[in-house]
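Q: Could you take a close look at one part of this model for me, the helix that carries a charged patch, and then set it against the rest of the fold? I'd like one connected walk-through.

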Amino acid sequence: MTIYLHDTLRAKKVAFEPLQPGHVTMYLCGPTVYNYAHVGNARPAVVFDLLTRLLRRSYELTFARNITDVDDKINAAAQESGKSIDEITERFIKAYNEDMAVLGVLPPDIEPRATRHIDEMIEMIEKLIEKGFAYEAECHVVFDVDSNENYGQLSKRNLREMIAGSRVEVAPYKKSAHDFVLWKPSTPELPGWDSPWGRGRPGWHIECSAMAKKHLGRTIDIHAGGQDLVFPHHENELAQSSCAHDGDVFARYWLHNGFLSIDHEKMSKSLGNVLLVHELIKTIPGEVIRLALLSAHYRQPLDWSGETIESARRMLDRLYGAVRGIEVSADDRTNSEPPAAVIAALEDDLNTPKALAEMFNLVRTLNKTKDVSERSKLAASLFAVGDLVGLLQNDPEEWFTSSSNSELSDGEIESLIADRIKARADKDFTNADAIRDELATKGVTIEDRPDGTKWRRT
Ligand code: AMP
Ligand code: ZN
């Protein structure tokens, strides 16, 4: 039962082994709390929630997901809304946790807030200055990238070449364009803390280095986040932590999720296509969003569209339809395990598309099985998969009454049949079957005849 994970630093899939046998430490870069989380922000929360659930099957796990509650974007949001910084951060921390809970994301063991770790950040910055990796200039403290020969190792960037070729204007207090800020001065209206370099506030990267060290130690097993964090955030965290800790390994496995786009476009305020989870969950069940986010492999890009949601909804209808009306015995429920094939898929770098396909193999077997006690066992096994992946957590009857079992119009039926014909032509039989099952669940029977597909209400 070895778990394989793709490590960004080694740029390959490797067998996972924690530093301390039996115990894993994991850190996920959490939200900057100045607004509601969008569906892209939800992707790392959901996929790495699944990883924590998988790890906990085999190991004890200490999982930290931080809150960045000091940031220029928060200051700007406070100014714009006329609210205090605390009001803004408290409001969005609460909303983040509530919204993620609707998506089945379990709370982390530790949720450190940056503003409560200023002393640890100052201590680490002092160490970096002492060891010659950082310098003070004009009330700023800056990390000296040239002092660290391994800089660029995570993001595979050759900075010497980049600097030579770039025409970026360098801030006057920096020796080199790629040096980054550890500490910066604050004006009286902005949040600030006393420090050896005057009243100021931390740079973003040092926050995670200091919080990871405080709660998980100098070396952590897994460090995770979205792909955009590889550079500069994680590259900088890595440089700071290893330099402050005499070259000790900072993170043994670096995991990054791919980006989510909306209808093949980047999500951005200017395009007006930012989908907030807070809004989506008003009309879409949390499990539908969760399943949609898990439907692609976590390292692949994921495009979000109406079809992504509809396909996830159909899959859930099939799952709930399969277990609907089955009396699962208490014994079966407690003793059941997910099928080995599901676990094997997840242990192979969280291969969720394969795990879901295996889940639907189980659905097919269950749907074909007549024997009552066998059906109870198969349904129990399906629920065990649901518990592991964070799906099937609703009552099946309620699922159909509350979410999607409204009567279909003739037009909707025709359109689903057209989708099914297309899916069959594309040899996407999983989707084709899902559509047929959805129609059946909603009281529509179809029949494929030589002259086309006919339907009738049952
Ligand atoms: P932020 O609050 O901006 O620091 O982002 C929180 C997390 O969401 C980080 O791990 C980001 O990498 C991730 N993230 C932001 N946008 C997307 C996106 N469109 N797709 C996937 N992950 C994203
Ligand atoms: Zn971070």
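A: Let's start with Glu-126, which sits in helix α4, the stretch covering residues 118-130. Keep in mind that we're looking at a predicted model here. Glu-126 isn't alone: together with Asp-119, Glu-123 and Glu-130 it makes up a patch of negative charge on the surface. Why does Glu-126 count as partly exposed? Because its relative accessible area is 37%, and partly exposed is the band between under 20% (buried) and over 50% (exposed). As for the spacing along such a stretch, an α-helix has 3.6 residues a turn, so residues three or four places apart point the same way. That's a handy thing to have in mind when you look at how Asp-119, Glu-123, Glu-126 and Glu-130 gather.

Now for a helix with another setting, α9, residues 286-294. Nine of its nine residues are buried, so the rest of the structure largely encloses this helix. Charged residues are on that buried list too: Glu-287 and Arg-290 are both there. Among the others are Gly-286, Val-288, Ile-289 and Leu-291, and the run carries on through Ala-292, Leu-293 and Leu-294.

Zooming out, the protein has 17 helices and 14 strands. Its radius of gyration comes to 25 Å, close to the 23 Å that the globule rule gives for 458 residues, so the protein is as compact as a globular protein of that length. If you'd like box dimensions, the C-alpha trace spans about 80 × 50 × 40 Å along its principal axes. Burial across the chain works out at 53% of the 458 residues.

A few backbone details are worth a look while you have the model open. Phe-231 and Pro-232 are joined by a cis peptide bond, with omega at about 0 degrees, and Pro-232 itself belongs to helix α7, residues 230-244.

Then there's the loop between α12 (340-347) and α13 (352-368), where you'll find Asp-349. Asp-349 isn't a glycine, yet it has a positive phi of about 50 degrees. Leu-350 is in that loop between α12 and α13 as well, and again we get a positive phi of about 50 degrees on a residue that is not a glycine. Are these two buried or exposed? Asp-349 is buried, because its relative accessible area is 1%, and Leu-350 counts as buried at 2% relative accessibility. So back at the patch, Glu-126 with its 37% is partly exposed, whereas Asp-349 in its loop is buried.

Definitions and conventions
Residues numbered from 1 in each chain as written. Chains lettered and ligands numbered in written order. Predicted model: local features only at pLDDT ≥ 70, side-chain atom pairs only at ≥ 80, totals over all residues. Heavy atoms only, no water. Patch = residues over 30% accessible without salt bridge, like charges linked within 9 Å, V, L, I, M, F, W, Y side chains within 5 Å. Areas by Shrake-Rupley, 256 points an atom, 1.4 Å probe, with all protein chains shown as cover. Salt bridge = Lys/Arg side-chain N within 4 Å of Asp/Glu carboxyl O. Lys, Arg positive; Asp, Glu negative; His and termini not counted. Charge placed at Lys NZ, Arg CZ, Asp CG, Glu CD. Helix = DSSP H or I, 4+ residues; strand = E, 2+ residues; numbered from the N terminus. Buried < 20%, exposed > 50% of the residue type's maximum accessible area, 1.4 Å probe, protein only. Rg over C-alpha atoms; globule rule 2.2 N^0.38 Å.
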